Structures are given as C-alpha cells and as structure tokens.
Amino acid sequence: MPREQGRKVVASNRKAHHDYAISDTFEAGLVLTGTEVKSLRAGRASLVDAFGHEHNGEIFLHGMHIPEYTQGTWTNHEPRRVRKLLLNREEIAKMRNKLRDDGVTLVPLQVYFNNGYAKVEIGLGKGKKSYDKRQDLASRDAQKEINRSLGRRAKGMG
C-alpha cells in the first residue's frame with residue numbers, strides 16, 4: 001500500500017499562542033503503540049494540558065490524550081500515558097539550555113502526520129501575563145481595522 005503524502009493535522013493547541021510567547025519550534029517524532037496510531041489516524045487526540053519535560057537527556061510528552069481505539073482489544077493503550085519524543089542530540093541540547101531559563105516551558109503546538117509518520121510540533125514558550133494577552137488582542141484588532149480601511153480605500157469606498 002502506498003504511503004500517505006503531505007501533511008495531515010490531527011490536533012492543534014489553539015490556546016498555546018494565547019497563553020505563551022513561543023520563541024522556537026521543533027518537529028519531533030512520537031513513540032507510539034499500534035492502537036495509538038490507529039486512534040490518531042481517526043483524528044482523535046487532545047493537546048489540552050499537555051507539556052514537554054526533559055529527563056535523563058530525553059524529552060517526554062506528558063498529558064497528551066489519545067482516546068482508546070474503539071475496535072481495540074486487550075492490547076489497547078492507556079489514553080494519557082507518557083510518550084517519548086524523538087529528536088536529534090543537538091536539538092535536545094538546545095532545548096535543555098533554553099529550559100534552564102525561568103518560566104520557559106515545552107508546549108506542544110500540533111500533532112500531525114507528515115508523509116505517514118506521526119509528528120508533534122513543540123515550542124519553547126514563556127508564559128504571558130494577563131496584560132500581555134490584552135495587549136496582543138488590542139494590536140490584533142488595530143491591525144484588522146487597518147486592513148479593513150485599506151481594503152475600502154482600494155475599492156474606492158473610503
């Protein structure tokens with residue numbers, strides 16, 4: 001059977017950019033069992049409350065919820081188990097150096113299939129304060145208004 005081509009997004013963490021200022025992003029492979037892959041291919045996963053953690057020179061993903069496969073048997077997986085991420089040594093070293101800073105966290109941004117392989121996009125994020133979030137919303141609204149007025153001007157209405 002031919003392998004899938006392209007990128008198919010399974011789940012995305014939409015609140016990550018709202019709650020964290022993401023500085024760097026990395027693409028990592030996931031160590032999964034068979035029923036986890038089947039459940040992901042069915043489009044079922046949640047990144048709410050998920051985070052990355054470094055332990056003994058390896059990066060692990062905690063709190064990611066992949067529901068049990070409905071046609072699975074006694075070999076089914078545990079939905080919230082800790083999953084190992086596959087990264088290069090250089091990437092892990094870069095992450096460890098940045099994680100030493102105060103307030104920096106590994107945040108999963110997306111889970112997707114890239115050419116048939118399950119991948120997760122993780123970012124190094126620093127938590128935003130509430131006034132930072134309000135400032136981001138205000139600047140986004142201002143940019144929308146600017147684009148709207150430029151669109152009216154281009155149409156000859158303003």
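This passage walks through the core, a few chosen residues and the main pocket of a predicted model.

The hydrophobic interior comes first. The largest nonpolar core has 23 residues, and the ones with the most contacts inside it are Leu 40, Met 64, Leu 85, Leu 87, Val 111, Val 120 and Ile 122. At least two residues of this core come from each of β2 (20-30), β4, α3 (89-99), β6 and β7 (117-127).

Two of those well-connected residues are worth a closer look. Val 120 sits in strand β7 and, with 0% relative accessibility, counts as buried because the cut-off for that label is anything under 20%. Leaving out residues up to four places away in sequence, Val 120 touches Phe 26, Glu 27, Ala 28, Leu 30, Leu 61, Leu 85, Pro 108, Gln 110, Val 111 and Tyr 112. Gln 110 is ten residues from Val 120 in sequence, and their C-alpha atoms are 5.6 Å apart. As for Ile 122, its contacts beyond four places in sequence are Asp 24, Thr 25, Phe 26, Leu 85, Leu 87, Met 95, Leu 106, Val 107, Pro 108 and Leu 109. Phe 26, Leu 85 and Pro 108 turn up in the list for Val 120 and again in the list for Ile 122.

Charged residues get buried here too. Arg 83, in strand β5, has a relative accessibility of 0% and therefore counts as buried. Its side chain reaches the backbone oxygen of Met 64 at 2.9 Å. Neighbours within four places aside, Arg 83 is in contact with Leu 30, Val 31, Leu 32, Glu 36, Ile 59, Phe 60, Leu 61, Met 64, Ile 66, His 77 and Glu 78. Glu 36, one of these partners, is placed in helix α2 (residues 34-41). Glu 36 also comes out at 0% relative accessibility, so it is classed as buried. With sequence neighbours within four places left aside, Glu 36 contacts Val 31, Ile 66, His 77, Glu 78, Arg 81 and Arg 83. Val 31, Ile 66, His 77 and Glu 78 thus appear among the contacts of Arg 83 and among those of Glu 36.

Other residues see rather more of the outside. Val 82 lies in the loop between β4 (58-62) and β5 (83-86), and its 39% relative accessibility makes it partly exposed. Beyond neighbours within four places, Val 82 is in contact with Phe 60, Leu 61 and His 62. Between the C-alpha atoms of Val 82 and Ile 59 there is a separation of 10 Å, with the two residues 23 apart along the chain. Arg 89 is found in helix α3 and is exposed, with a relative accessible area of 74%. Arg 89 and His 77 are twelve residues apart in sequence, yet 28 Å lies between their C-alpha atoms.

That leaves the empty space. The largest pocket holds about 280 Å³. It is lined by 17 residues, and Asn 13, Lys 15, Leu 47, Val 48 and Asp 49 are the closest to its centre. The elements giving two or more residues to this lining are α1 (16-19) and β6 (104-114), and β6 gives the most, with three. By character, the lining of the largest pocket splits into nine nonpolar, four polar and four charged residues. Strand β6 therefore has a part in both settings, since each supplies at least two residues: β6 is among the elements of the core and of the pocket lining.

Methods
Residues are numbered from 1 along each chain as its sequence is written. This is a predicted model: local features need pLDDT of at least 70, side-chain atom pairs count only at pLDDT 80 or more; totals for chains, interfaces and linings use all residues. Side-chain values use heavy atoms; hydrogens and water are left out. On a 1 Å grid over the protein atoms alone, a cavity is a set of points where a 1.4 Å probe fits but cannot get out, and a pocket is an open set with protein on both sides within 12 Å along at least five of seven lines; lining residues have an atom within 4 Å of a point. Grid points are joined across faces, edges and corners, and a volume is the space filled by probe spheres set on the points. Helices (H or I, at least four residues) and strands (E, at least two) are DSSP runs, numbered from the N terminus. Ala, Val, Leu, Ile, Met, Phe, Trp, Tyr, Cys and Pro count as nonpolar, Asp, Glu, Lys and Arg as charged, and the others, Gly among them, as polar. Buried means under 20% relative accessible area, exposed over 50%, partly exposed in between (1.4 Å probe, protein chains only). Contact means heavy atoms within 4.5 Å. A nonpolar core is a set of buried Ala, Val, Leu, Ile, Met, Phe, Trp, Tyr and Cys residues joined through side-chain atoms within 4.5 Å. A polar contact is a pair of N or O atoms within 3.5 Å; within protein, one must be able to donate a hydrogen and the other to accept it, and residues adjacent in sequence count only if both atoms are side-chain atoms.
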